[in-house]
Amino acid sequence: MIAPRPDRPFIRMARMEDLDALFALAGLSGGGMTNLPQDRDALRERLSWSERSLAAPITAPEDEFYMLVLEDGAGRVIGTASIFSRVGAHWPFYSYKVARVTHVSRGLDRMFSTHVLHLVNDFDGASEVAGLLLHPDARAHGLGAMLARSRFLFIAQHRERFGDQVVAELRGWMDGRTSPFWDAVAGPFFGGDMLEADLFNAMHGNQFIADLMPRYPIYTSMLPASAREAIGRPHEGSAPAYRLLLAEDFLDDGYCDIFDAGPTVHARTDHIRTIRECEVIDPNIPLRATKEPHRLIAAGLLRDFRVWKEE
């Protein structure tokens, strides 16, 4: 099979022997990344789930998970990213949808407009790109973009395994290790801090959200200013990923995460720029490439999948 040069960075599917490296990477995240938990057992289960998914002979998305890693050319894992084939398979995929409401009093001759947050499951059945993290020392030479876009090339290479819509949740704004939105909205219902809830979500699923989360619309005008300002605002570490997703023609139209209010963006799968524009070079390998002057090359299927930059 065509393969990248061994002394250059490339992306491959994660393996169980990557556990220690992924655990070390997770420790650099600062917390708040549900899909890359700082827990060795949870990461081991993620790797096992990815390996089971790669081995499954499926023709439609069910409940698969795929984890990729970035190697630096010297055998060191310096980044990771993930894809869920179908969210909402076992429990609903919750988001807040921001909407505007207006109240009018003719007697007072006063009109008041504000935003409300509706708890929705609009993305159940979509695929999700998640868990993107790059080692701080590797944030140069376009490696982050290569890692992020490798997920779309994997989807293009295995289109039958994914849904017709792709969603991405961006980590929300934090004030140190505290989320102003969590403290004002979710914290009183769940107890503990947001990082504890994120870890529980990663290890046990989110049924507890359905059990405890308020089901009525939340008027943002009743929230503290710090919580209102966090709605739809990405964490500073997630801002590059957010910009890349928008460049891939994802939409940011008022959905946000229920824990930290980070933006939730979405796109029709076949409209994503990398998927739409990549060219099949050789269907027998299979081999495909993006169209930029410094192209990304994707080759192989499932466990043999690789992505690298064309020299």
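**Entry 1: ground rules**

Buried means under 20% relative accessible area, exposed means over 50%, and partly exposed is in between (1.4 Å probe, protein chains only). I used that first on C278, which counts as buried at 12% relative accessibility. C256 counts as buried too, at 1%.

This is a predicted model, so I noted that local features need pLDDT of at least 70 and side-chain atom pairs count only at pLDDT 80 or more, while totals for chains, interfaces and linings use all residues. Residues are numbered from 1 along each chain as its sequence is written, and side-chain values use heavy atoms, with hydrogens and water left out.

**Entry 2: cysteines**

With cysteines on my mind, I asked how many disulfides there are. A disulfide is a covalent bond between the sulfur atoms of two cysteines. The rule I used asks for a pair of cysteine sulfur atoms within 2.5 Å. The count comes to 0.

**Entry 3: R151**

I went to R151 next and found it in helix α3, residues 143–157. (Helices are DSSP runs of H or I with at least four residues, strands are DSSP runs of E with at least two, and both are numbered from the N terminus.)

Which side chain of opposite charge is nearest to R151? It is E128, 8.4 Å away. For charges, Lys and Arg count as positive and Asp and Glu as negative; His and the chain ends are not counted. A salt bridge needs a side-chain nitrogen of Lys or Arg within 4 Å of a carboxyl oxygen of Asp or Glu. R151 has no salt bridge, yet it is buried.

I did find a polar atom of the R151 side chain 3.1 Å from the backbone oxygen of A148. I also listed what R151 touches, skipping residues up to four places away in sequence: L68, A81, S82, I83, V129, A130 and L132. Contact here means heavy atoms within 4.5 Å.

**Entry 4: salt bridges elsewhere**

After R151, I searched the whole structure and got 15 salt bridges. Here are some I looked up.

- D18 pairs with R12, with the closest N and O atoms 2.9 Å apart. D18 is buried, and so is R12.
- R159 pairs with D164, and their closest N and O atoms are 3.1 Å apart. R159 is partly exposed, at 21% relative accessible area.
- R276 and D249 meet through their side chains at 3.1 Å, N to O. R276 lies in helix α9 (residues 273–277) and D249 in the loop between α8 and β9, so this pair ties together parts that are 27 residues apart in sequence.

How buried or exposed is R276? It counts as partly exposed, at 43%. D249 is partly exposed as well, at 38%. I then saw that D249, R273, R276 and E277 are linked in a network of salt bridges.

**Entry 5: odd backbone angles**

D249 was worth another look: it has a positive phi of about 75 degrees although it is not a glycine. Its loop runs between α8 (239–247) and β9 (251–256).

A261 is not a glycine either, and I noted a positive phi of about 65 degrees for it. A261 sits in the loop between β9 and β10 (263–268). I checked its accessibility: A261 is buried, at 0%.

I also looked at P286, in the loop between β11 (279–282) and β12. The peptide bond from I285 to P286 is cis, with omega near -20 degrees.

**Entry 6: L287**

L287 is in strand β12, residues 287–289. It is buried, with a relative accessible area of 9%. What does L287 contact, apart from neighbours within four places in sequence? I wrote down I2, Q157, E279, V280, I281, D282, I297, A298 and A299. Q157 caught my eye: L287 and Q157 are 130 residues apart along the chain, yet their C-alpha atoms are separated by 8.5 Å.

**Entry 7: strands β4, β5 and β8**

Two strands pair if DSSP finds at least two bridges between them. I found 11 bridges joining β4 (residues 95–105) to β5 (residues 110–120), and these strands run antiparallel. Y96 has L119 in β5 as its bridge partner. The hairpin of β4 and β5 has 4 residues between the strands, and there D109 takes a positive phi near 55 degrees.

Which way does β5 pair with β8 (residues 218–219), parallel or antiparallel? The pairing is antiparallel, over 2 bridges. V116 stands opposite Y219 in β8.

Notes:
Polar contact = N/O pair within 3.5 Å; in protein donor to acceptor, adjacent residues only side chain to side chain.
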